Amino acid sequence: MTGERDIELIVNGEQVAARIEARKNLVDFLREDVGLTGSHIGCEQGVCGACTVRLNGEIVRGCLTLAAQADGGEVWTIEGVSDSGEIAPLQEAFIERNALQCGYCTPGMLLTAAALLRENPAPSREEIREYLSGNYCRCTGYQAIVDAIEAAAPKMKGAGS
Amino acid sequence: MKPAPFEYVRARSLDEVFDLLERHGDDARLLAGGQSLLPTLNMRLSAPEILVDICGLEALRGISVTGGTLRIGALATHSEVRASAAVSQNAPLLAQAMPHIAHPAVRNKGTFGGSLANADPAAELPACVVALGAELEVAGKAGTRSIPAADFFRGLYETALEPGEVLVAVNVPAHAAGYRSGFSEFARRSGDFAISALAAHARFDGDAAQDVRLVFAGVDIKPVRAAAAERLVEGKPVTADLLAEAKGRLADDLDPSDDVHASGRTKLHLSGVLLERVLLAMAGAA
């Protein structure tokens with residue numbers, strides 16, 4: 001054993017194979033090995049949400065998942081869910097409501113919002129805040145983000161895979 | 001920061017896990033959801049040589065009810081426990097505690113057993129399983145044994161697990177008629193570790209509480225039962241006066257230290273507030 005590992009997984013619908021160090025986390029793998037830099041790193045402790053990606057259908061922290069744990073699995077990043085059109089209503093609402101400034105938290109916010117609306121298609125503002133409470137934003141003060149998710153919710157109903 | 005290099009093995013059986021743990025001893029760590037382990041490695045508070053990933057062990061998954069016992073597999077994720085009808089019907093205290101555990105992305109990966117085996121003093125689940133009188137099923141090369149929750153949590157991140165042992169499931173006595181539960185927590189932000197949290201369980205005869213269990217998290221190195229407050233409340237109608245008196249007895253069992261979040265005095269005060277709120281809510285519940 002060398003501390004390295006061969007992994008194969010599906011990323012945004014495409015097969016990816018790589019040899020990586022066992023200690024490499026999923027978000028570093030996506031950014032460095034696959035070139036998908038839309039997922040960001042903020043804390044490496046799982047509290048800020050900037051690294052949120054979708055693994056096997058559920059949102060997870062990319063910084064608290066080993067790439068090796070995703071071997072044989074399926075990952076969707078912000079690039080994939082954007083290209084597929086799945087989150088278009090959310091993206092439009094974020095722009096309309098000025099729910100992003102620097103954009104660093106935004107991919108995590110969008111993926112988390114999409115997960116919320118899949119579970120709860122018509123959340124209250126309180127429910128939105130609670131669900132998004134694990135995603136930090138340093139720019140907007142959050143109100144516009146809540147506004148955008150609330151506005152997008154009716155348009156997201158029935159959308160998505 | 002990035003972890004120190006390690007080897008990684010995906011175990012295919014419990015026997016393989018036992019062999020690896022025996023061979024590597026303290027140099028090996030078990031990896032389940034990793035939501036507590038990986039931050040530790042990222043901050044280099046720990047640097048194991050090998051991680052043994054147990055996520056593939058199907059026998060440790062699943063939630064089921066048999067007779068009067070709810071069995072939660074150690075690898076059940078927090079999200080699975082939260083979504084489980086079997087849990088909300090048979091151990092509503094767990095359903096009440098779930099929303100306080102971290103955030104959705106962490107709950108999707110973090111496991112029920114992982115939280116218990118990690119035994120963070122401010123974690124919600126250890127207090128809950130103590131309040132519920134659960135039994136923790138532990139397996140090792142020598143066989144399986146069952147440890148009462150009250151005996152499982154020994155100290156700071158310290159449990160009754162011996163080297164080479166794996167927590168495989170938690171068995172909770174199903175919620176019996178007349179019992180009610182309550183959970184409340186103070187944390188700086190939603191999902192943070194508890195500054196103080198109360199897991200309460202009791203049987204109500206009218207408005208009098210029997211078989212009262214009041215277990216606090218976040219105020220000591222492990223879950224603490226407020227035994228004096230429990231004895232005071234036992235058998236008496238729950239009134240504001242009784243609860244005020246019970247609050248005064250908390251200091252018999254709770255001696256919180258100062259920490260970065262709050263002074264010991266604040267924690268003790270907040271614990272009293274939780275006691276009042278939770279018991280009043282339980283007494284008022286239909």
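# A tour from chain A into chain B

Start by selecting Thr140(A), which, once its neighbours within four places in sequence are left aside, is in contact with Asn98(A), Ala99(A), Leu100(A), Gln101(A) and Ile145(A). What you have open is a predicted model, and the values on this tour are computed from it. Thr140(A) is found in the loop between helix H5 (125-131) and helix H6 (143-156) of chain A, and because its relative accessibility is 18%, it counts as buried. If you now add Tyr142(A) to the selection, you will find that the side chain of Thr140(A) reaches the backbone nitrogen of Tyr142(A) at 3.0 Å.

Next, move to chain B and select helix H1, residues 14-24. Which residues of H1(B) are buried? They are Glu16(B), Val17(B), Phe18(B), Leu20(B) and Leu21(B). To see what covers these buried residues, show the strands of chain B as well, since the cover includes strand S1 (7-10), strand S2 (28-31), strand S3 (50-53), S6 and strand S10 (166-173). Just after H1(B), pause at Gly25(B), which takes a positive phi of about 55°.

Stay with H1(B), but turn to its charged side chains. Side chains of opposite charge can pair when their charged atoms come close. Select Asp19(B) together with Lys141(B): the two form a salt bridge in which the closest N and O atoms are 2.9 Å apart. Asp19(B) belongs to helix H1, whereas Lys141(B) sits in the loop between strand S6 (135-140) and strand S7 (143-148) of chain B, so that the pair links distant parts of the chain, 122 residues apart. Asp19(B) is partly exposed, with a relative accessible area of 37%, while Lys141(B) is exposed, at 52%.

Keep Lys141(B) selected and add Glu22(B), with which Lys141(B) forms a salt bridge whose closest N and O atoms are 2.6 Å apart. Because Lys141(B) lies in the loop between S6 and S7 and Glu22(B) in helix H1, this pair ties together parts of chain B that are 119 residues apart in sequence. Glu22(B) is exposed, with a relative accessible area of 57%.

From there, select Arg71(B) and Glu137(B), whose side chains meet in a salt bridge at 2.6 Å, N to O. This pair, too, links distant parts of the chain, with Arg71(B) in strand S5 (residues 69-73) and Glu137(B) in strand S6 of chain B, 66 residues apart. Is each partner buried or exposed, or something in between? Arg71(B) counts as partly exposed at 29% relative accessibility, whereas Glu137(B) is buried, with a relative accessible area of 17%. Returning briefly to chain A, you can select Lys24(A), Glu32(A) and Asp33(A), which salt bridges that share partners join into one network. Over all chains, the count comes to 22 salt bridges.

For the last stop, select helix H11 (residues 240-249) and helix H12 (residues 264-284) of chain B, whose axes come within 9 Å and cross at roughly 145°. H11(B) passes H12(B) in a right-handed crossing. On the side of H11(B), the contact is made by Leu243(B), Ala244(B), Ala246(B) and Lys247(B), and on the side of H12(B) by Gly272(B), Val273(B), Leu275(B), Glu276(B), Leu279(B) and Leu280(B). If you colour the residues of this contact by character, they divide into seven nonpolar, one polar and two charged.

How values were computed
Residues numbered from 1 in each chain as written. Chains lettered and ligands numbered in written order. Predicted model: local features only at pLDDT ≥ 70, side-chain atom pairs only at ≥ 80, totals over all residues. Heavy atoms only, no water. Axes fitted to C-alpha atoms, helices over the stretch in contact; angles between N-to-C directions. Helix = DSSP H or I, 4+ residues; strand = E, 2+ residues; numbered from the N terminus. Left-handed = near helix turned anticlockwise from the far one by under 90°. Contact = heavy atoms within 4.5 Å. Nonpolar A, V, L, I, M, F, W, Y, C, P; charged D, E, K, R; others polar. Salt bridge = Lys/Arg side-chain N within 4 Å of Asp/Glu carboxyl O. Buried < 20%, exposed > 50% of the residue type's maximum accessible area, 1.4 Å probe, protein only. Polar contact = N/O pair within 3.5 Å; in protein donor to acceptor, adjacent residues only side chain to side chain.
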